[in-house]
Amino acid sequence: KHCYKMATLGRLFFHQCIVFVLTFWAYVSLHTSRQAYSNAKQNMIDDWGFTKHEEGIMDAVFLFAYACGLYLSGYIGDYFDAKNVLSIGLFLTGCIIFLF
């Protein structure tokens with residue numbers, strides 16, 4: 001019986017480590033995707049000829065879309081399991097970033 005408990009604890013620890021690593025990399029990827037736009041803003045002005053006003057409009061549209069997405073995800077999270085909503089959201093965000 002003692003060996004069974006040790007094997008179960010070892011398997012649980014392994015799964016906890018896997019979940020931690022996957023969650024860590026998901027949030028690193030999410031943070032990196034958010035930083036990419038702010039890091040590219042100066043290059044957009046220099047290379048593509050955008051003005052500060054145009055960048056301000058892009059920032060406002062981005063933040064408005066981000067706020068709507070947060071509201072929508074909160075609304076969805078109230079009706080479904082939070083783990084599933086976050087997992088699907090992170091997965092879809094990763095897919096969209098990969099495509100673009």
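Lysine 41 is partly exposed in this predicted model, its relative accessible area being 23%. Its side chain meets that of aspartate 59 in a salt bridge, with 2.8 Å from N to O, and the pair links distant parts of the chain, since lysine 41 belongs to helix H1 whereas aspartate 59 belongs to helix H2, 18 residues apart. Aspartate 59, for its part, is also partly exposed, with a relative accessible area of 22%. Because buried means under 20% relative accessible area, lysine 41 at 23% does not count as buried, and neither does aspartate 59 at 22%. A search of the whole structure finds one salt bridge.

Glutamate 55 presents another case in helix H2, which spans residues 52-79. This residue is buried and yet has no salt bridge, the nearest side chain of opposite charge being that of lysine 41, at 4.7 Å. Because a salt bridge requires a side-chain nitrogen of Lys or Arg within 4 Å of a carboxyl oxygen of Asp or Glu, the separation of 4.7 Å between glutamate 55 and lysine 41 falls outside the cut-off. Lysine 41 is nevertheless among the residues in contact with glutamate 55 once neighbours within four places in sequence are left aside, together with Tyr37, Met44, Ile45 and Phe50. The burial of glutamate 55 can be set against the chain as a whole, where buried residues make up 5% of the 100 residues.

The wider framework is helical: the chain has three helices and zero strands, and read along the sequence it follows the pattern α-α-α. Further along helix H2 is the place of serine 73, a partly exposed residue with a relative accessible area of 32%. The C-alpha atom of serine 73 is separated by 8.4 Å from that of glycine 89, although the two residues are 16 residues apart along the chain.

The path now turns to the second largest pocket, whose volume is about 390 Å³. Its lining consists of 16 residues, and those nearest its centre are Leu22, Thr23, Ala26, Ser87 and Leu90. Helix H1, covering residues 2-48, and helix H3, covering residues 82-99, each supply at least two residues of this lining. Sorted by class, the lining of the second largest pocket holds 10 nonpolar, five polar and one charged residues. Helix H1 thus appears twice in this account, as the element that holds lysine 41 of the salt bridge and as a contributor to the lining of the second largest pocket.

Note on methods
Residues are numbered from 1 along each chain as its sequence is written. This is a predicted model: local features need pLDDT of at least 70, side-chain atom pairs count only at pLDDT 80 or more; totals for chains, interfaces and linings use all residues. Side-chain values use heavy atoms; hydrogens and water are left out. Helices (H or I, at least four residues) and strands (E, at least two) are DSSP runs, numbered from the N terminus. Buried means under 20% relative accessible area, exposed over 50%, partly exposed in between (1.4 Å probe, protein chains only). Lys and Arg count as positive and Asp and Glu as negative; His and the chain ends are not counted. Contact means heavy atoms within 4.5 Å. On a 1 Å grid over the protein atoms alone, a cavity is a set of points where a 1.4 Å probe fits but cannot get out, and a pocket is an open set with protein on both sides within 12 Å along at least five of seven lines; lining residues have an atom within 4 Å of a point. Grid points are joined across faces, edges and corners, and a volume is the space filled by probe spheres set on the points. Ala, Val, Leu, Ile, Met, Phe, Trp, Tyr, Cys and Pro count as nonpolar, Asp, Glu, Lys and Arg as charged, and the others, Gly among them, as polar.
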